[in-house]
Amino acid sequence: MIYLDNNATTIVAPEVKEAMEPYLSTMYGNPSSVYEFGKRVRRSVEEARAIVARLLGSHDAREIVFTSGATESNNAAVRSALKSFRSRRKIVTTRVEHSSIKNLCNALGEEGYDVITIGVERSGTLKWEEFERALTGDVAIVTVMWANNETGVLFPMERIAAIVKAKGLLLHVDATQAVGKIPVDLSGVPIDFLSLSAHKFHGPKGIGVLFIREGVPFEPFVLGGRQERDRRAGTENVAGMIGLSRALELAAATMKADSARVTSLRDRLESQLLAHSPDSFVNGGEVARLANTANLTIPGVETELLLIRLSEFDIAASGGSACLTGALEPSHVLEAMGLSRDLALNSVRFSLSRYTTEEEIAAAVDVIANLVSELRSGGRRTYDQ
Ligand code: PMP
């Protein structure tokens, strides 16, 4: 298979799997237990937490809370701010957030909160004036993503954080697609809450982090036992925590080289597909974006048909969000960038990883180009697989 859907999830790195293994077999003690068999596991968990803190630029490992993933971290951060500042009824977010923030904000709107959703320009950058105007004293929290999962477009977090902090407001950042791909240094950016998920950077699924800056009030989302210093109840996903820390170490160690190599593969994919279909275009291609993400609109080629045909050639890619019926809905991100519904439904996302090879890109380009020709001519031909 040629896997070009790494923004959906990634393969667990062999080193990560190896680091996790003892915690799935011999070291199965409960970190909360009083005997040595549990305490040994507790020490591993705290080591993992310290590694994560150091790699994120957090000065104190107590700022790191393990969760079940970014969805939970996002929900926890926003709900906490609303509980901490009960008189503030406003939430500021953007039109291009992942569904874990988008649908949470929709629900909060139904609960009576005032959700202000900032638009983006055609390029994918934030509408700054609209953003600054929304930051009034009655805002409980500002929640903005760092890297967009569909286009890879990066929001300039230093600028955003400076603006939000100048107004004295709380800032939550969904950094799920940024962590492991670009440097994220929390010692240099005044972010209050930050969410991440291990499976986006070759760690396991079902484990994430919510960074909570020291001194920022926090009301727990999951109630129960006293784990995670009373901030996230439930017996620890120990193997997951170990895997997350190892995956983050690996990503940090190879980030620079990976990013240069992945950029060149991604650029090759884009330029060859654009050369084949000159009316195609790259969404977010004019602004700073992740090295691994190519989001292309290919007019006249229905995303869903292309994805189905690609899967027949064992190539995994992705479109907008699949709705419950399985039919593809136009991407809210591309629509926010001003694409028509039709063009949004002619768009496909390829996302690479450090394991993507030159040969895979060359083979994928061939297949995609042939399929584009086929789908545009409305016919169906057979090709050598
Ligand atoms: N935010 C972003 C930007 C994402 O890309 C994702 C995963 N697609 C999430 C949040 C949710 O992560 P998880 O499903 O691991 O909770």
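In this predicted model, the count of cavities of 30 Å³ or more comes to 4. The largest cavity has a volume of about 240 Å³. Its lining is made up of 18 residues, and those closest to the centre of this cavity are Gly180, Lys181, Asp258, Ser353 and Arg354. Sorted by class, the lining of the largest cavity splits into 7 nonpolar, 7 polar and 4 charged residues.

Now for the pockets. The largest pocket holds about 510 Å³ of space. A total of 29 residues line this pocket, with His98, Ser99, Asn149, Lys200 and Arg349 closest to its centre. As for helices, α3, α4 (99-110) and α10 (332-336) each put at least two residues into the lining of the largest pocket. Of these, α4 gives the most, with 4 residues. By class, the lining of the largest pocket comes out at 6 nonpolar, 17 polar and 6 charged residues.

And what takes up the space of the largest pocket? That would be the ligand. There are 14 residues around the ligand, and the ones that come nearest are Thr71, Asp174, Gln177, Ser197 and Lys200. Lys200 thus turns up twice, as one of the residues that come nearest to the ligand and as one of those closest to the centre of the largest pocket. Helix α3 (residues 70-84) provides the largest share of the shell around the ligand, namely 3 residues, and α3 also supplies at least two residues of the lining of the largest pocket. Broken down by class, the shell around the ligand has 10 polar residues, along with 2 nonpolar and 2 charged ones.

Turning to individual contacts, the side chain of Asp174 has an N or O atom 2.6 Å from a nitrogen atom of the ligand. With Gln177, the partner on the ligand is an oxygen atom, which lies 2.8 Å from a polar side-chain atom of that residue. His199 likewise places a polar side-chain atom 2.8 Å from an oxygen atom of the ligand. How much of the ligand does the protein bury? Taken alone, the ligand exposes 400 Å², and 84% of that is buried by the protein. Asp174 and Gln177, with their polar contacts to the ligand, are also among the residues that come nearest to the ligand.

Conventions
Residues are numbered from 1 along each chain as its sequence is written. This is a predicted model: local features need pLDDT of at least 70, side-chain atom pairs count only at pLDDT 80 or more; totals for chains, interfaces and linings use all residues. Side-chain values use heavy atoms; hydrogens and water are left out. A residue is near a molecule or strand if one of its heavy atoms lies within 4 Å of it. A polar contact is a pair of N or O atoms within 3.5 Å; within protein, one must be able to donate a hydrogen and the other to accept it, and residues adjacent in sequence count only if both atoms are side-chain atoms. Accessible areas come from the Shrake-Rupley method with a 1.4 Å probe; for residues, only the protein chains shown count as cover. On a 1 Å grid over the protein atoms alone, a cavity is a set of points where a 1.4 Å probe fits but cannot get out, and a pocket is an open set with protein on both sides within 12 Å along at least five of seven lines; lining residues have an atom within 4 Å of a point. A molecule sits in a cavity or pocket if more than half of its atoms lie within 2 Å of its grid points. Ala, Val, Leu, Ile, Met, Phe, Trp, Tyr, Cys and Pro count as nonpolar, Asp, Glu, Lys and Arg as charged, and the others, Gly among them, as polar. Grid points are joined across faces, edges and corners, and a volume is the space filled by probe spheres set on the points.
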